[in-house]
Amino acid sequence: QEEQEEQEEQEEQVEAEAGDDDDEEEEEEKEEQPRWFWKSDLDLEDADAAAWTQYPDKESKKIEKKYQEGKSKFKINGRYSVDLDEHIQHQTNDKNKQRSIKRHPAADGHLLLSSSSYELCCDLVRCSGCYCF
């Protein structure tokens, strides 16, 4: 299974290097994709948008791709792995160090683009069921 994961990572790297010269299409696609978040502040309630940090685009795309493929356990980078069945990320070398994760669809109007990051709208408490799991 590790060999398969390494092969998939190499394929994704080749795809990323190939790239697409059409920046407008890429930007449009970026806005339409669901976004993945990890709980960065464990002291805050899940419904508090400030408790969550969006994954960088590369990791978010990888998680979404695996989600769409129906894969539940995989590495997202050299340090972290994800278990979509449990809705967690954990350090690959220490499964006891884990954080909650969530998926939030971009097309439903509950994500607002700010200058430096994505922020959840004030309706998050009402739409907390849209984590899509």
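In what order do the strands of the open sheet run? In this predicted model, the open sheet has 6 strands in the order β2-β1-β6-β5-β4-β3, with antiparallel pairing. At the edges stand β2 (52-54) and β3 (73-75), each with a single partner strand, so one side of each is left without a neighbour in the sheet. From one strand to the next, the twist averages 30 degrees.

As for the overall layout, the protein chain holds 3 helices and 8 strands, and along the sequence these follow the pattern α-α-β-β-α-β-β-β-β-β-β. The chain has 133 residues, of which 33% count as buried. Among the contacts with a separation of 6 or more, 46% come from residues 24 or more positions apart.

Walking across the sheet from the β2 edge, β1 and β2 pair in the antiparallel sense over 3 bridges, and K39 has W52 in β2 as its bridge partner. On to the next pair: β1 is joined to β6 (residues 94-104) by 4 bridges, again antiparallel. Two of the pairings between these strands can be picked out by residue. W36 has R103 in β6 as its bridge partner, while F37 stands opposite K102 in β6. K102 turns up again in a side-chain arrangement, with its charged end sitting over the ring of F37, 5.7 Å from the ring centre. As for burial, β1 is mostly covered, with 4 of its 5 residues buried.

Further along, β5 and β6 run antiparallel and are joined by 4 bridges. I88 is matched with S100, its bridge partner in β6. These two strands, β5 and β6, form a hairpin with 2 residues between them. Towards the other edge, 3 bridges join β3 to β4, also antiparallel, and K73 finds its bridge partner in D83 of β4. Helix α3 packs on the sheet, where it touches β1, β2, β3, β4 and β6, and its direction makes about 105 degrees with that of β1.

One residue of that helix gives a closer view of the packing. S60 lies in helix α3 and is buried, with a relative accessible area of 1%. Leaving aside neighbours within four places in sequence, S60 is in contact with P34, R35, W36 and Y55. P34 is 26 residues away from S60 along the chain, yet the C-alpha atoms of the two are separated by 8.3 Å.

What about the nonpolar interior? Nonpolar side chains tend to be buried together in soluble globular proteins. Here, the largest nonpolar core has 8 residues in all: W36, Y55, I63, F74, I76, V82, L84 and I101. Y55 has a long list of partners: not counting residues up to four places away in sequence, Y55 touches W36, F37, W38, S60, I63, I76, V82, Q89 and I101.

Aromatic pairing comes next. A pair of aromatic rings is described by the distance of the centres and the angle of the planes. The structure holds 1 aromatic pair. It is formed by W36 and Y67, with the rings edge-to-face, 5.5 Å centre to centre and 70 degrees between the planes. The pair links distant parts of the chain, since W36 is in strand β1 (residues 35-39) and Y67 in helix α3 (residues 57-69), 31 residues apart. Are the two partners buried or partly exposed? W36 counts as buried because its relative accessibility is 0%, under the 20% cut-off. Y67, in contrast, is partly exposed, with a relative accessible area of 26%.

A last local feature concerns the backbone at H87. Most residues other than glycine have a negative phi. The phi of H87, however, is near 60 degrees, a positive value in a residue other than glycine. Where does H87 sit? H87 is found in the loop between β4 (80-83) and β5 (88-91). H87 counts as partly exposed because its relative accessibility is 30%, which falls between the cut-offs of 20% for buried and 50% for exposed.

Terms used: Residues numbered from 1 in each chain as written. Predicted model: local features only at pLDDT ≥ 70, side-chain atom pairs only at ≥ 80, totals over all residues. Heavy atoms only, no water. Buried < 20%, exposed > 50% of the residue type's maximum accessible area, 1.4 Å probe, protein only. Phe/Tyr/Trp six-rings, centres within 6.5 Å; stacked < 30°, edge-to-face > 60°. Lys NZ or Arg CZ within 6 Å of the ring centre and 35° of its normal. Core = buried A, V, L, I, M, F, W, Y, C linked by side-chain atoms within 4.5 Å. Contact = heavy atoms within 4.5 Å. Pairing = 2+ DSSP bridges. Axes fitted to C-alpha atoms, helices over the stretch in contact; angles between N-to-C directions.
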